[in-house]
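Here's a friendly first tour of this structure. Have a look around, and then we'll go through a few spots together.

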Amino acid sequence: MSLQSIKYKRGSLEILDQLLLPVVSKYVTVRGVEDGWRVINKMQVRGAPAIAIVGCLSLAVEIHPEVFETKKSLRQEIEGKLNYLVSARPTAVNMKISADELITLANDLTKDDAISVDEMKQRFLNATEAMLEKDISDNRAIGANGAKAILQHVADAGGAQAAGPVRVLTHCNTGSLATAGYGTALGVVRHLSELNKLEHVYCTETRPYNQGARLTAYELVHEKLPATLVLDSMVAALFRVKNVAAVVVGADRVAANGDTANKIGTYQIAVVAKHHGVPFYVAAPLTSIDLQIPSGDHIIIEVRPDREMTHVGEHRIAAPGINCWNPAFDVTPAALITGIITEHGVFEPSQLKAEIQKLLQL
Ligand SMILES: CSC[C@@H](O)[C@@H](O)C(=O)COP(=O)(O)O
């Protein structure tokens, strides 16, 4: 059974505290929006899809016992609190996209005279809860599409791994812990394994928060997948000697031109992959794609506290007094990206906007 980062039933929400993993496995109760904002901001829950789902469900558990006199008061609460939740972490777009969708729903229901305030609340709860199932089914589709694309690329290129199984590299954590389940980039790895086409997966440590060493490694060991941890500084050496067939990473925000913000260190892996001729894939659900911004220059990069660099847990590792720069994400230019793997297919960055507009009939 895969790990469960989010436990929800109507009126009750718990998240697996990712600050304590892999040493302690403990669930934290999220009683409402204040708790939701805090667990996202402190990174007790993290990963773009999980941030959005926990944020929206924190509002669902808050609203569940409340009684609203009017649809207008319910709508105001939904809009105000969702916009507040968007401010917990700025780079990932999923929370913003989900908030906008739910606010639109609340506005439509407010205008519809045939719907009572109680029905409006039920419809809002149903829409929020549907995010859990949808995320898992999207991830399964991403896994299948990504595995197919990687195997096809390897077959087209010929060479040692032409018939698979393949060796892949991933960065940060994009698995069950970062989503409602299955994972995005890690879903691709999982699907390769289900096809018996995964020879080995390498995961980076992902300094400074160590999502790779603490979380991805934990998931890979849990799933008994053939995996090896490498330090972030080892990627070039790894490509030189280990015959890696592809890189697959997640995304926090993909701009309309395909530029992709993801965990700090992603950009340098893409540069090194280009040098070695290794295809570089981004796995992202449509909820991570921001067609409102033309390029990655418009993405706000979250800068995290120095302490995440200077300390590991309570232990100081950096010289006291040194200045720190700690951006949590970087932007990989579209030119370095082979394909963007979505639940609807794999798109070249230059085709992304047109393909999605076609899908959404914009
Ligand atoms: C499916 S998770 C995709 C991204 O959110 C992931 O790659 C990442 O960068 C996570 O960053 P984090 O700071 O741990 O929230």
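Let's begin in a loop. Thr-206 sits in the loop between β5 and α7. Its backbone is a bit of an oddity: Thr-206 isn't a glycine, yet its phi is positive, at about 65°. Keep in mind that this is a predicted model, so the angles and distances here are all computed from it.

Stay in that loop for a moment, since Pro-208 is found there too, between β5 (198-204) and α7 (211-222). The peptide bond leading from Arg-207 into Pro-208 is cis, and its omega is near 0°.

There's another cis bond to look at elsewhere in the chain. This one runs from Leu-21 to Pro-22, with omega near 5°. Pro-22 belongs to the loop between β2 (12-16) and β3 (27-29).

Now for the ligand. Where does it sit? You'll find the ligand in the largest cavity. Around it are 18 residues, and the closest are Arg-89, Gln-211, Asp-252, Asn-262 and Lys-263. Sorted by character, this shell has seven nonpolar residues, seven polar ones and four charged ones.

Which parts of the chain build the shell? Two elements, α2 (48-63) and β9 (260-263), each provide at least two of its residues. Zoom out to the domains and the placement makes sense: the ligand lies between domain 1 (6-133) and domain 2 (140-360), because both of them give residues to the shell around it.

Here are some polar contacts made by oxygen atoms of the ligand:

| Protein partner | Partner atom | Distance from a ligand oxygen |
|---|---|---|
| Gly-47 | polar backbone atom | 3.0 Å |
| Arg-89 | N or O atom in the side chain | 2.8 Å |
| Gln-211 | N or O atom in the side chain | 2.8 Å |

How much of the ligand does the protein bury? On its own, the ligand would expose 420 Å², and the protein buries 99% of that.

Two of the table's residues are worth finding again in the picture: Arg-89 and Gln-211 are also among the closest residues to the ligand.

Key:
Residues numbered from 1 in each chain as written. Predicted model: local features only at pLDDT ≥ 70, side-chain atom pairs only at ≥ 80, totals over all residues. Heavy atoms only, no water. Near = heavy atom within 4 Å. Polar contact = N/O pair within 3.5 Å; in protein donor to acceptor, adjacent residues only side chain to side chain. Areas by Shrake-Rupley, 256 points an atom, 1.4 Å probe, with all protein chains shown as cover. 1 Å grid on protein atoms, 1.4 Å probe; cavity = no way out; pocket = protein on both sides within 12 Å on 5 of 7 lines; lining within 4 Å. Sits in = over half its atoms within 2 Å of the grid points. Helix = DSSP H or I, 4+ residues; strand = E, 2+ residues; numbered from the N terminus. Nonpolar A, V, L, I, M, F, W, Y, C, P; charged D, E, K, R; others polar. Domains from an automatic or database assignment.
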